[in-house]
Amino acid sequence: MKLTDKELTQLALAAAEHSHSPYSHFRVGAALIADDEVFFGANIENRSYGVTVCAERTAVFTAVAAGKTHFERLAVASPNKEFITPCGACRQVLSEFCDDLKILLVNSEGSVQKTTLKKLYPRPFARKK
Ligand code: THU
């Protein structure tokens, strides 16, 4: 997709506005390019804390539910100056759909660190049939 990295990071920051995080007050945003379209995610918490879903998985599931499973780039926006990386569960979910993926980590000031799924999650769980 034609979006620049900078534009994608801005979209991830904007996606955090839809975070439902009344328990942690930690508002995370994600923007995922899949099959040339952009999908947004925000963390959605629940009063039953364990069923909370991260911003990254929200974006992935939104894309997959729309039939888009070829992931190109993912931006993850932290609400703070500190960068965050996708949690283990999100890494495993991403690995279901791609061997590797460009990931842009964005902080609250719009600064970016680049990484990849392969670097963050070199040996995903997978089994032969
Ligand atoms: N969270 C995300 O949405 N993505 C991450 O990469 C790490 C954590 C959310 C889950 C929870 O709603 C809040 O941040 C605090 O853990």
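The following dialogue introduces the fold, the ligand site and the largest pocket of a predicted model.

Biologist: How many helices and strands does the protein chain have?

Modeller: The chain contains four helices and five strands. Following the sequence from its start, these elements come in the pattern α-β-β-α-β-α-β-β-α. The radius of gyration of the chain is 14 Å, close to the 14 Å given by the globule rule for 129 residues, so the chain is as compact as a globular protein of that length. Its C-alpha trace spans about 40 × 35 × 25 Å along the principal axes.

Biologist: Which residues surrounding the ligand are the closest?

Modeller: The ligand is surrounded by 13 residues, and the closest are Asn 43, Glu 45, Cys 54, Ala 55 and Glu 56. By class, this shell divides into seven nonpolar, four polar and two charged residues.

Biologist: Where do polar atoms of the protein approach an oxygen atom of the ligand, and how should the distances be read?

Modeller: A pair of N or O atoms is read as a polar contact when the two lie within 3.5 Å. In the side chain of Glu 45, an N or O atom is 2.5 Å from an oxygen atom of the ligand. Ala 55 contributes through its backbone, where an N or O atom lies 2.9 Å from a ligand oxygen. A polar backbone atom of Thr 85 is 3.3 Å from an oxygen atom of the ligand. Taken alone, the ligand exposes 370 Å², and the protein buries 77% of that area.

Biologist: How is empty space in a protein found, and what volume has the largest pocket?

Modeller: Empty space is revealed by rolling a probe the size of a water molecule over the atoms. In this model, the largest pocket has a volume of about 220 Å³. It is lined by 13 residues, of which Ser 95, Asp 99, Pro 124, Phe 125 and Ala 126 are the closest to its centre.

Biologist: Which elements give two or more residues to that lining?

Modeller: These are α3 (88-97) and α4 (117-120). Helix α3 gives the most, with three residues. By class, the lining has seven nonpolar, two polar and four charged residues.

Technical notes
Residues numbered from 1 in each chain as written. Predicted model: local features only at pLDDT ≥ 70, side-chain atom pairs only at ≥ 80, totals over all residues. Heavy atoms only, no water. 1 Å grid on protein atoms, 1.4 Å probe; cavity = no way out; pocket = protein on both sides within 12 Å on 5 of 7 lines; lining within 4 Å. Points joined across faces, edges and corners; volume = space filled by probe spheres on them. Nonpolar A, V, L, I, M, F, W, Y, C, P; charged D, E, K, R; others polar. Near = heavy atom within 4 Å. Polar contact = N/O pair within 3.5 Å; in protein donor to acceptor, adjacent residues only side chain to side chain. Areas by Shrake-Rupley, 256 points an atom, 1.4 Å probe, with all protein chains shown as cover. Rg over C-alpha atoms; globule rule 2.2 N^0.38 Å.
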